[in-house]
Amino acid sequence: MSLSAKTVVVIAIGAALYGIGGLPMFGIPVFANTTLKPAMAVLALFAVLFGPLVGFLVGIIGHWVTDLFAGWGVWFTWELGSGIVGLIIGLYPILTRGRLEMGLFSKLDFSLFVLLAFIANVVGYGCSAFLDAVLYAEPFTKVLVQLVIIALSNTVIIAFVGHLILTSVAKRKQQSFNLKEAY
């Protein structure tokens, strides 16, 4: 598979923003090794705007950057979880048949965006929690509580920031879509 130069640059920028934005200084600690990260909105928006492959790679690479710079070491289980989150949210343009590109962002589209964010967080970080319990013998109760907190809080963050940005993107696209050439 070959990626265009534009796609590689988008992935690098997205991973850097998500990775640096995920550092503890930009989050709010809420539970054992669990932080509310506004950077989740960055992952979701890159996934929505550039698709599932970009979302997956921004999630994995960005989370790896966070873990590395935070000094936590690499937790592949959680990098994979972020990748899965990006992949699932990246299905949004496919499911909406590209309506955002046409400048359309209805309440139904927003509802789908929030539902995808929730499903993505449950599936992605559910895999992380399961793998932590199996591979690292983390207590099941602990990883389950982490999963619930992460899924709910990430969905709220993604919904709030995503609504603001995707509404703006739709308005901008609508203006561009309506431009006509004058003779």
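Trainee: What makes the crossing of α4 and α6 right-handed or left-handed?

Mentor: In this predicted model, the crossing of α4 and α6 comes out right-handed. The term right-handed applies because the near helix is turned clockwise from the far one by less than a right angle.

Trainee: And why is α4 called roughly antiparallel to α6?

Mentor: Look at the angle: helix α4 (residues 76-89) packs on helix α6 (residues 107-135) at about 160°, and their axes lie 8 Å apart. Angles over 145 degrees count as roughly antiparallel, so α4 earns that description relative to α6.

Trainee: Which classes of residue make up that contact?

Mentor: The contact of α4 with α6 has 16 nonpolar residues, six polar and one charged.

Trainee: Happy with that. How do you know that the length of α3 is close to the expected one?

Mentor: Helix α3 (residues 52-70) has 19 residues, and 26 Å separate its first C-alpha from its last; the expected value at 1.5 Å a residue is 27 Å, so the two are close. Just after α3 comes Gly-71, with a positive phi of about 80°.

Trainee: What do the buried residues of α3 pack against?

Mentor: They pack against α1 (5-21), α2 (40-50), α4 and α6. Among these buried residues are Val-54, Gly-55, His-63 and Asp-67.

Trainee: One last puzzle: why is Glu-138 counted as buried?

Mentor: Glu-138 has 18% relative accessibility, and buried means under 20%, so Glu-138 counts as buried. Glu-138 sits in the loop between α6 and α7 (140-177). Setting aside neighbours within four places in sequence, Glu-138 is in contact with Trp-75, Asp-132, Ala-133 and Val-143.

Notes. Residues are numbered from 1 along each chain as its sequence is written. This is a predicted model: local features need pLDDT of at least 70, side-chain atom pairs count only at pLDDT 80 or more; totals for chains, interfaces and linings use all residues. Side-chain values use heavy atoms; hydrogens and water are left out. Axes are lines fitted to C-alpha atoms, for helices over the stretch in contact, and angles run from 0 to 180 degrees between N-to-C directions. Helices (H or I, at least four residues) and strands (E, at least two) are DSSP runs, numbered from the N terminus. Angles under 35 degrees count as roughly parallel, over 145 as roughly antiparallel, 65 to 115 as roughly perpendicular and the rest as oblique. Ala, Val, Leu, Ile, Met, Phe, Trp, Tyr, Cys and Pro count as nonpolar, Asp, Glu, Lys and Arg as charged, and the others, Gly among them, as polar. Buried means under 20% relative accessible area, exposed over 50%, partly exposed in between (1.4 Å probe, protein chains only). Contact means heavy atoms within 4.5 Å.
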